[in-house]
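Biologist: Could you take me through one part of this model up close, and show me how it sits against everything around it? I'd like to know which side faces in, which faces out, and what it leans on.

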Amino acid sequence: MKKVEAIIKPFKLDDVREALADIDVTGMTVSEVKGFGRQKGHTELYRGAEYMVDFLPKVKLEIVIDDEMLDRCVETIQAAALTQKIGDGKIFVSDIERVIRIRTGEENEDAI
């Protein structure tokens, strides 16, 4: 099993969710996060004063999937989140050793 974490622009969330649903990826956790990479923030005007915004709003998706679905899931996220502009985000993939569904006690693939 793999855990896919994707950091994307907030306005792309619905596109990514719908694209993942089309390939039968239904379960995910979504968090509102802030961060920066090469974008390095930007300046904004507030009440006539200019200030630096270091951390930009992003959305973090966390999905646990079977190994066989990994490539398809990553390609789907990448295609749906793409804007061709700096700050499109990142996708991280890591191994999951064990999953347990609390309600039923099911484990691993049965618990996903």
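Modeller: Buried residues make up 29% of the 112 residues in the protein chain; buried means under 20% relative accessible area, exposed means over 50%, and partly exposed is in between, with a 1.4 Å probe and protein chains only. Bear in mind that this is a predicted model: local features need pLDDT of at least 70, side-chain atom pairs count only at pLDDT 80 or more, and totals for chains, interfaces and linings use all residues. Residues are numbered from 1 along each chain as its sequence is written, and side-chain values use heavy atoms, with hydrogens and water left out.

The chain has 2 helices and 6 strands, in the sequence pattern β-α-β-β-β-β-α-β. Helices here are DSSP runs of H or I with at least four residues, strands are runs of E with at least two, and both are numbered from the N terminus. Let's zoom in on helix H2.

H2 covers residues 70-81, which is 12 residues. The expected span is 1.5 Å times one less than the number of residues. For H2 that comes to 16 Å, and its end C-alpha atoms are indeed 16 Å apart, which agrees.

Now, which way does H2 face? Its buried residues are Leu70, Cys73, Thr76, Ile77, Ala80 and Ala81. They cover an arc of only 135° around the axis, which puts them on the same side of H2; the arc is that of the directions from the helix axis to the C-beta atoms. As background, an α-helix has 3.6 residues a turn, so residues three or four places apart point the same way. On the other side of H2, you'll find Asp71, Glu75, Gln78 and Ala79 exposed.

Take Gln78 from that outward side: its relative accessible area is 52%, which makes it exposed. Gln78 and Ala6 are 72 residues apart in sequence, and their C-alpha atoms are 9.0 Å apart in space.

What do the buried residues lean on? They pack against strand S1 (2-8), helix H1 (13-22), strand S5 (56-65) and strand S6 (89-95), where contact means heavy atoms within 4.5 Å.

Three of those partners belong to an open sheet of 4 strands, ordered S2-S5-S1-S6 with antiparallel pairing; two strands pair if DSSP finds at least two bridges between them. Its edge strands, pairing on one side only, are strand S2 (29-35) and S6. On average, neighbouring strands in the sheet are turned by 20° against each other, direction ignored. S2 and S5 share 7 bridges in the antiparallel sense, with Gly35 standing opposite Leu56 in S5.

H1 lies across S1, S2 and S5, and runs at about 10° to S5. H2 packs on the sheet as well, touching S1, S5 and S6, and its direction makes about 5° with that of S1. Those axes are lines fitted to C-alpha atoms, for helices over the stretch in contact, and the angles run from 0 to 180 degrees between N-to-C directions.

From the neighbour's side, Val16, Ala19 and Leu20 are buried in H1. Seen down the axis of H1, they fall within an arc of 100°, so they line one face of the helix. Their cover includes S1, S5 and H2.

Put the pieces together and you get to the core. A nonpolar core is a set of buried Ala, Val, Leu, Ile, Met, Phe, Trp, Tyr and Cys residues joined through side-chain atoms within 4.5 Å. The largest one has 17 residues, and the residues with the most contacts inside it are Val4, Ile8, Val16, Leu20, Ile63, Cys73 and Ile77. S1, H1, S5 and H2 each supply at least two residues, with H2 giving the most, 5 residues. Ile8 touches H2 too: leaving aside neighbours within four places in sequence, its contacts include Leu13, Val16, Val59 and Ala81.

Last, the way out of H2. Gln84 lies in the loop between H2 and S6. Its phi is near 70°, a positive value in a residue other than glycine, and at 67% relative accessibility Gln84 counts as exposed.
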